[in-house]
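The following exercises are to be worked through with the sequence and the model at hand. Each task is followed by a solution in steps.

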Amino acid sequence: MSSAASLEKLDCNYNKLKSLNLTDNRNLRELHCDINMLTSLDLSGNLALKILDCNSNENLSSLNLTENRALEELNCTCNNLSELDVSSVSKLKKLSCHANRLSVLDLSAVNPTEVCCGSQNSDGSSDQNLKLVLTWERAAS
């Protein structure tokens, strides 16, 4: 995909992809890469990305979002993530991250309107506890 520099939306679900090179796709705003075989996802060059749906990549264990400050919606459910750092994603409004291996999810630097983090086990059982760190800014009076 590196030759499609003007690409704004990519939907590559259900393709058994093991890797995805999007480093030259600077205009990419929306990525749907669900139900593949990805193990990592490098989105460091995709600064315009607003929507990321990378659910059900059972071996996806690494997701670096530190450069994706424009990200507003993230669905990374049913992966193998043991950590998820969204501290630099201040525009994040919707987050869905259940069925991973997360033990801590710190949302203190973001102000999402919708969060679904449910069970962290792919089978829906609840023997893995998730500690949520939340803060709310008090409205000025």
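**Exercise 1. Overall composition**

Task: State what share of the residues in the protein chain is buried, and which elements the chain contains.

Solution. Buried residues make up 38% of the 141 residues in the protein chain of this predicted model. The next step is to count the elements: the chain has 10 strands and zero helices. Read from the N terminus, the order is accordingly β-β-β-β-β-β-β-β-β-β. Finally, consider the contacts with a separation of 6 or more: residues 24 or more positions apart account for 10% of them.

**Exercise 2. The open sheet**

Task: Determine the strand order of the six-stranded open sheet and identify its edge strands.

Solution. The order of the six strands is 1-2-4-6-7-9, with parallel pairing. The edges are strand 1 (9-11) and strand 9 (114-116), each of which pairs on one side only. From one strand to the next, the twist averages 5 degrees. In general, strands of a sheet pair through backbone hydrogen bonds, in either a parallel or an antiparallel manner. One pairing can be examined in detail: strand 2 (residues 30-32) runs parallel to strand 4 and is joined to strand 4 by three bridges. Within this pairing, Glu30 has Ile51 of strand 4 as its bridge partner.

**Exercise 3. Leu74 and the nonpolar core**

Task: Describe where Leu74 lies and which residues Leu74 contacts beyond its sequence neighbours.

Solution. Leu74 belongs to strand 6 (residues 73-75). Its relative accessible area is 3%; because this is under 20%, Leu74 counts as buried. Setting aside neighbours within four places in sequence, Leu74 is in contact with Leu52, Leu63, Leu65, Leu84, Val86, Leu92, Lys94, Leu95 and Ser96. The C-alpha atom of Leu74 is also 5.9 Å from that of Asp53, although the two residues are 21 residues apart along the chain.

The largest nonpolar core has 32 residues, and the members touching the most others are Leu31, Leu41, Leu52, Leu63, Leu65, Leu74 and Leu84. Leu65, for its part, contacts residues including Leu43, Leu52, Leu71, Leu74 and Leu84, with neighbours within four places left aside. In soluble globular proteins, nonpolar side chains tend to be buried together.

**Exercise 4. A polar residue in a loop**

Task: Decide whether Asn46 is buried or exposed, and find a polar partner of its side chain.

Solution. Asn46 sits in the loop between strand 3 (40-42) and strand 4 (51-53). With a relative accessible area of 0%, Asn46 is buried. A polar atom of the Asn46 side chain lies 2.9 Å from the backbone oxygen of Asn25, which is within the 3.5 Å limit for a polar contact. Beyond residues up to four places away in sequence, Asn46 touches Leu22, Asn25, Leu28 and Asn68.

**Exercise 5. The cysteines**

Task: Establish how many disulfides the structure contains, and explain why Cys78 forms none.

Solution. A search of the whole structure finds zero disulfides. For Cys12, the nearest cysteine sulfur is that of Cys33, 5.3 Å away, whereas a disulfide requires two sulfurs within 2.5 Å. Cys12 is buried, at 9% relative accessible area. For Cys78, the closest cysteine sulfur belongs to Cys116 and is 9.9 Å away, so the distance is too far for a bond. Cys78 counts as partly exposed, because its relative accessibility is 29%.

Notes: Residues are numbered from 1 along each chain as its sequence is written. This is a predicted model: local features need pLDDT of at least 70, side-chain atom pairs count only at pLDDT 80 or more; totals for chains, interfaces and linings use all residues. Side-chain values use heavy atoms; hydrogens and water are left out. Helices (H or I, at least four residues) and strands (E, at least two) are DSSP runs, numbered from the N terminus. Buried means under 20% relative accessible area, exposed over 50%, partly exposed in between (1.4 Å probe, protein chains only). A polar contact is a pair of N or O atoms within 3.5 Å; within protein, one must be able to donate a hydrogen and the other to accept it, and residues adjacent in sequence count only if both atoms are side-chain atoms. Contact means heavy atoms within 4.5 Å. Two strands pair if DSSP finds at least two bridges between them. Axes are lines fitted to C-alpha atoms, for helices over the stretch in contact, and angles run from 0 to 180 degrees between N-to-C directions. A nonpolar core is a set of buried Ala, Val, Leu, Ile, Met, Phe, Trp, Tyr and Cys residues joined through side-chain atoms within 4.5 Å.
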